[in-house]
There are 2 protein chains.
Amino acid sequence: PGPDLGAERAVRERDAQLTKPPGSLGRLEDIAVWLAAWQGKPKPEINRPTVCVFAGNHGVVAQGVSPYPQSVTRQMLENFAAGGAAINQICAAYDLGFKVFDLALDIPTGDITQEAALDEKSCVATMAFGMEAISGGIDLLGLGEMGIGNTTIAAAIYAGLYGGDPSRFVGRGTGLDDEGLKRKTAAVERALVIHAGHLADPLELLRRLGGREIAATAGAILAARLNRIPVVLDGYVITAAAAVLHALDPSALDHCVAGHVSAEGAHREVLERLGLKPVIDLGMRLGEGSGAALAMGVIKAAAACHTGMATFGQAGVSDREG
Amino acid sequence: PGPDLGAERAVRERDAQLTKPPGSLGRLEDIAVWLAAWQGKPKPEINRPTVCVFAGNHGVVAQGVSPYPQSVTRQMLENFAAGGAAINQICAAYDLGFKVFDLALDIPTGDITQEAALDEKSCVATMAFGMEAISGGIDLLGLGEMGIGNTTIAAAIYAGLYGGDPSRFVGRGTGLDDEGLKRKTAAVERALVIHAGHLADPLELLRRLGGREIAATAGAILAARLNRIPVVLDGYVITAAAAVLHALDPSALDHCVAGHVSAEGAHREVLERLGLKPVIDLGMRLGEGSGAALAMGVIKAAAACHTGMATFGQAGVSDREG
């Protein structure tokens with residue numbers, strides 16, 4: 001479905017009557033319009049904002065592309081469950097729901113430098129899992145991920161989609177040293193050679209170069225559109241899933257905002273390609289949905305301004321002269 | 001007083017043990033260090049974050065520098081009291097305290113195109129009022145203002161402090177048309193001619209070109225420093241008060257962050273001159289402390305991450321290899 005133009009118009013009309021100079025809330029005003037358009041409600045509501053984090057493990061970790069061992073993926077899920085991670089604190093600060101999905105952590109994907117990450121059945125099933133995961137009345141969805149090695153996967157996806165020198169999409173991830181960065185770049189380059197000739201179809205590219213959290217995220221973005229749930233994207237890895245959908249259909253992300261621009265890799269360039277303008281720009285590169293959650297705090301305030309403010313008439317405030 | 005270097009060190013040491021790659025929270029990490037340094041606490045605390053809004057009226061409004069009548073200043077204070085303004089919604093969204101101070105609204109300042117805004121006694125008394133206003137256990141102070149005509153005042157202050165063509169500091173404020181912009185620019189130019197030769201002392205400049213909310217804000221920034229309260233500045237008008245203090249002493253704002261960069265006038269240039277990097281950049285230009293309050297939401301999340309996250313040891317998460 002497309003944006004609800006009636007809801008959009010209703011928000012613009014109300015906005016013009018609120019006790020503030022026209023345009024003075026800047027992007028907060030655009031966000032209110034966007035929420036209404038994609039929720040399909042003339043008064044946008046955020047009652048169940050929720051961050052969904054998808055977690056997966058990656059065979060490519062065998063290539064020495066991360067300074068952390070693969071076991072950290074599961075350990076961090078336990079940290080999420082115990083409330084000890086950054087995302088827990090941000091969700092608590094803004095009263096956001098938080099859900100984590102373990103996507104077969106004990107079965108890492110295939111090493112993309114040697115084989116496809118997923119077979120066709122797994123890829124489709126994981127997308128379907130992501131579509132189901134966002135049920136339950138969510139009205140603003142933040143998407144995040146956890147997966148040691150997945151900035152390598154993101155880099156491979158961008159390089160596969162956009163071509164050119166793959167190294168420009170390769171960042172230091174969780175903090176690689178120079179040697180590690182060389183290994184990571186080499187891994188991305190090898191993956192592109194191995195899968196060359198099979199990357200023209202974005203979904204086939206996703207299956208070969210992706211990962212379970214990427215496939216589930218793509219499914220969640222699609223399902224959110226069908227269910228009229230506006231989506232807040234997190235950083236470099238989540239945007240890779242979005243980029244696959246955008247390659248299929250340039251309007252596929254119209255119901256999404258970029259929560260933030262990550263310090264990882266070429267995120268700024270990628271967001272420009274996708275036509276997404278980040279809400280937050282604070283040099284973060286943690287993942288876990290942390291950038292999305294921070295932006296959801298801003299989005300909540302934007303919705304609160306639109307729905308809670310008095311009009312000039314209600315407040316007895318004089319509007320502009322002339 | 002200066003920053004508490006011991007508290008700063010304690011935050012950096014704890015930060016290095018938290019369950020995240022070093023540096024991955026970007027500016028949120030810097031904010032935690034800044035909070036600790038200026039609160040003088042090894043664990044920064046935000047229990048009573050409060051937005052203080054100072055309101056004043058301006059004689060220069062007689063020059064046709066605003067599309068809104070002067071009566072709107074008081075009407076907006078009534079809107080604040082009734083909970084109908086944007087700042088009310090943002091404070092509610094982030095659980096921030098909110099205080100408004102009416103600074104003799106019935107006695108506008110002198111028209112700066114013809115006389116000094118304030119006499120010496122009023123200027124000093126208003127600064128002292130601002131110093132007192134922030135008492136009551138505030139541990140994070142957001143500063144905001146309300147005053148029809150006060151972007152003209154801010155422009156005059158910047159032009160007086162920084163010289164050059166005054167027009168570059170003159171913006172459209174609440175939404176001036178081209179004719180209004182010409183009147184506003186002319187008013188600033190006339191004020192600079194009238195007061196020429198008396199602007200070398202920043203406090204004398206504040207008295208002649210300023211306003212009550214600017215003087216009170218300057219007092220509040222000073223008192224916050226003495227009371228170890230970190231300060232979040234709002235936009236174009238609040239920064240003018242900060243600029244006066246900075247002209248007196250370039251270290252005077254070390255306990256302050258710029259909450260946002262306003263779309264008004266030359267705010268970006270001014271922040272660069274002051275060495276302040278905005279937390280939020282969303283094209284807002286409302287005043288009322290709205291940009292500061294939005295940033296306080298981010299700062300609350302930054303503090304929550306630092307104090308609430310588990311360490312690698314506590315969470316049983318493996319740290320980096322090698």
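## Two helices, two sheets and an interface

Helices H9(A) and H10(A) are oblique to each other, a class that takes the angles left over once those under 35 degrees count as roughly parallel, those over 145 as roughly antiparallel and those from 65 to 115 as roughly perpendicular. The model is predicted, so that local features need pLDDT of at least 70 and side-chain atom pairs count only at pLDDT 80 or more, whereas totals for chains, interfaces and linings use all residues. Residues are numbered from 1 along each chain as its sequence is written, chains are lettered from A and ligands numbered from 1 in the order in which they are written, and side-chain values use heavy atoms, without hydrogens and water.

The axes of H9 (residues 212-226) and H10 (residues 236-248) of chain A come within 9 Å and cross at roughly 60 degrees. Such axes are lines fitted to C-alpha atoms, for helices over the stretch in contact, and the angles run from 0 to 180 degrees between N-to-C directions. Helices (H or I, at least four residues) and strands (E, at least two) are DSSP runs, numbered from the N terminus. The crossing of H9(A) and H10(A) is right-handed, meaning that the near helix is turned clockwise from the far one by less than a right angle.

Contact here means heavy atoms within 4.5 Å. From H9(A), the residues A:Ile214, A:Thr217, A:Ala218, A:Ile221 and A:Leu222 meet A:Val237, A:Ile238, A:Ala241, A:Ala242 and A:Leu245 of H10(A).

H10(A) also leads to the sheet of chain A: this helix lies across E3 and strand E4 (231-233), running at about 115 degrees to E3(A). The sheet is open, with five strands in the order E2-E1-E3-E4-E5 and parallel pairing; two strands pair if DSSP finds at least two bridges between them. At its edges are E2 (97-102) and E5 (256-258) of chain A, each pairing on one side only. Within this sheet, E1 (residues 49-55) and E3 (residues 140-146) of chain A are joined in the parallel sense by seven bridges, and A:Val53 has A:Gly144 in E3(A) as its bridge partner.

Chain B likewise has an open sheet of five strands, ordered E2-E1-E3-E4-E5 with parallel pairing. There, B:Val53 stands opposite B:Gly144 in E3(B).

Finally, the two chains meet in a contact that takes 53 residues from chain A and 53 residues from chain B. Between them they bury about 4300 Å², 62% of it on carbon and sulfur atoms; buried area is the accessible area (1.4 Å probe) that two parts lose on being put together, summed over both. A:Tyr68, A:Leu282 and A:Arg320 supply 14% of the area that chain A buries against chain B, more than any other three residues.
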